[in-house]
Structures are given as C-alpha cells and as structure tokens.
Amino acid sequence: MTEYVMSLAGARKAFGANEVLRGVTLEVSPGEVVAIIGPSGGGKSTLLRCATLLETLDGGSLAFGDLTVAHDEAGRTVYAKGDALKAARSRFGLVFQNYNLFPHRTVLQNIADAPRRVQKRDRAEAEREARELIAKMGLAGCEDKVPCQLSGGQQQRVSIARALALHPEVLFFDEPTSALDPELTAEVLRVIKSLAAEHMTMVIVTHEMSFAREVADRVVFLDGGQIVEEGPAEQVIDRPREARTKAFLSRLAD
Ligand SMILES: Nc1ncnc2c1ncn2[C@@H]1O[C@H](COP(=O)(O)OP(=O)(O)O)[C@@H](O)[C@H]1O
Ligand SMILES: [Mg+2]
C-alpha cells in the first residue's frame with residue numbers, strides 16, 4: 001500500500017457563519033501533481049492554509065505520510081502536540097502569490113537561512129546547496145542581490161528555491177503567478193514544470209488552465225467549499241461532467 005504524502009479528510013472550516021470548507025477530502029500520492037482550480041472565494045487558499053497549518057480546521061483530519069497532524073473526534077478536529085506539528089512543518093513547503101521574501105536579506109541568505117536555523121545544517125553545506133538551487137532556477141549571478149533588485153518572476157523563483165532548500169516531501173503553491181505579467185509567468189511555470197518532470201509532489205492552486213492541463217496529473221475543481229469534480233486534467237478541463245465546472249471553464253474562456 002502506498003502511503004499518501006498528504007491526506008486531508010472531511011475538512012471543514014468556517015469563518016463566523018461563512019462555511020468556507022464543507023467536507024473536503026484530498027489525498028496526494030508520492031510524485032503526484034494536483035492542480036486546484038475554481039472560482040474566487042471557493043475556498044482554495046483556505047484549503048492550502050489548513051493543509052499547511054496556517055489555519056486550524058474545525059472538523060476533519062490531516063496527515064503527512066505516517067504523521068498524524070490532526071484527527072477528527074465526533075466532528076471536531078483535535079490537533080496533535082507541538083512536536084508533531086513541528087515535524088509536520090518540515091515535510092512541506094509553501095509558495096505564496098506574493099513571494100514573502102525577507103527584503104533586507106540577499107537571495108543567498110533568503111534561501112540558506114532556514115536550512116541553517118530550522119534544520120541546523122552546516123553553513124557551508126546550506127550555502128552550497130542554495131547556490132545549486134539558484135542555478136537550477138536560472139538565477140545564477142543573483143546570489144548577492146536583494147529582492148527589490150529582482151523582477152517579480154525572479155523573486156518568485158527565489159521563493160521556490162527557498163522552499164526546496166528545506167527538502168519538502170510536498171510543495172504547495174497558491175496562485176504562484178497571479179501577481180506576474182505573462183512573460184514573467186512563463187519563466188515561473190517553466191520552473192514548476194521542471195520540478196514536475198523530476199516527480200516533485202506538488203499541489204498547485206492556479207487559474208492558468210493550459211498550465212494545469214500540461215503539468216497536473218489530476219485536477220480538482222473546488223467551488224463553494226466542496227470538490228465538485230476531479231479527475232485527469234484532460235477530463236476535467238476539456239470534458240467536464242458537472243454543470244458548475246462547465247460554467248466556470250466557459251466563463252474563463254470568454
Ligand atoms: N481569515 C479570514 N477571515 C474571514 N474570512 C475569510 C478568511 N480567509 C478567507 N475568508 C473567506 O473565505 C472564503 C474563501 O476564501 P479563499 O479561501 O481565499 O478562496 P479562494 O482562494 O478560492 O479565492 C471567502 O468568502 C473569504 O472571504
Ligand atoms: Mg485564493
């Protein structure tokens with residue numbers, strides 16, 4: 001039996017009276033690339049924030065591999081103790097829409113700091129690996145620059161390198177290109193595609209349908225806090241079965 005890298009089951013989350021997640025189950029297998037699509041306000045970011053412990057679930061369970069982060073007791077989520085949460089945090093990386101780099105630290109420092117501080121890795125080794133990641137992201141020569149000297153696309157590639165430096169088992173992306181113009185979008189998508197080719201496990205919230213079709217093994221359509229439809233990318237995007245999926249995709253095509 002293969003173990004899921006991440007499994008979220010029956011996830012529920014409300015903000016006041018607003019039920020944002022209404023029983024979402026998402027299991028991600030090793031090496032799988034899952035694209036999450038859906039209308040604004042449908043709960044995509046909340047789903048990623050709950051999966052990455054930035055928000056707490058009201059109901060449902062969450063595990064990373066064999067590590068249970070939260071289990072469900074009579075419809076209420078009960079979280080594990082601090083040590084388990086800390087261990088879980090080292091299993092995933094998160095790339096936001098707005099990069100969230102440290103503005104006064106160089107590219108090299110932005111990437112190498114967390115492995116040194118969080119994982120207590122040796123400075124020389126962390127910096128060597130950071131340089132390799134910088135080259136892999138097409139950013140050679142940018143090591144000593146600070147974020148404001150880079151384009152948005154370059155900053156986003158630094159934030160991807162920063163996430164990879166911690167050797168996550170799964171990478172989550174929340175609309176990684178929505179702040180970028182088309183040219184810069186392409187270079188970021190290229191990097192994500194190269195990670196997919198290396199079988200990096202990824203969950204990507206995106207509004208780029210052609211990218212989702214190309215990169216994702218599975219597409220999940222989330223609307224109104226529920227998974228309305230999921231399946232192979234060609235099926236969900238090119239031949240959607242559900243009326244809500246069809247309506248969403250045809251609105252995008254206009
Ligand atoms: N921290 C929060 N406090 C209150 N409401 C929130 C919060 N975060 C998200 N929401 C609400 O949850 C709903 C889903 O938002 P979100 O998960 O950001 O959707 P998406 O990413 O699909 O656009 C929206 O109605 C939004 O206003
Ligand atoms: Mg969002």
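The legends below describe close-up views of a predicted model.

Residues are numbered from 1 along each chain as its sequence is written, while chains are lettered from A and ligands numbered from 1 in the order in which they are written. In this predicted model, local features need pLDDT of at least 70, side-chain atom pairs count only at pLDDT 80 or more, and totals for chains, interfaces and linings use all residues; side-chain values use heavy atoms, with hydrogens and water left out.

**View 1. Surroundings of ligand 1**. The residues around ligand 1 (a heavy atom within 4 Å) are Phe15, Asn18, Val20, Pro39, Ser40, Gly41, Gly42, Gly43, Lys44, Ser45, Thr46 and Glu55.

**View 2. Polar contacts of ligand 1**. A polar contact is a pair of N or O atoms within 3.5 Å; within protein, one must be able to donate a hydrogen and the other to accept it, and residues adjacent in sequence count only if both atoms are side-chain atoms. Asparagine 18 has a side-chain N or O atom 3.1 Å from an oxygen atom of ligand 1. From glycine 43, a backbone N or O atom lies 3.1 Å from an oxygen atom of the ligand 1. Threonine 46 places a polar side-chain atom 2.6 Å from an oxygen atom of ligand 1.

**View 3. Helix α5 against helix α6**. Helices (H or I, at least four residues) are DSSP runs, numbered from the N terminus. Helix α5 spans residues 152–164 and helix α6 residues 182–197; they pack at an angle of about 20 degrees, with axes 8 Å apart. Axes are lines fitted to C-alpha atoms over the stretch in contact, and angles run from 0 to 180 degrees between N-to-C directions. The angle makes α5 roughly parallel to α6 (under 35 degrees). Gly152, Gly153, Gln154, Gln156, Arg157, Ile160 and Leu164 of α5 make the contact (heavy atoms within 4.5 Å) with Leu184, Glu187, Val188, Val191, Ile192 and Leu195 of α6.

**View 4. Helix α3 against helix α4**. Helix α3 (residues 107–117) and helix α4 (residues 123–136) pack at an angle of about 130 degrees, and their axes are 9 Å apart. That makes α3 oblique to α4 (neither under 35, nor over 145, nor 65 to 115 degrees). On α3, Val107, Leu108, Ile111, Ala112, Pro115 and Arg116 meet Arg123, Ala126, Glu127, Ala130, Arg131, Leu133 and Ile134 on α4.

**View 5. Helix α3 against helix α5**. The angle between α3 and α5 is about 25 degrees, with their axes 8 Å apart, and the two helices are therefore roughly parallel to each other. Val107, Asn110 and Ile111 of α3 meet Val158, Ala161 and Arg162 of α5.
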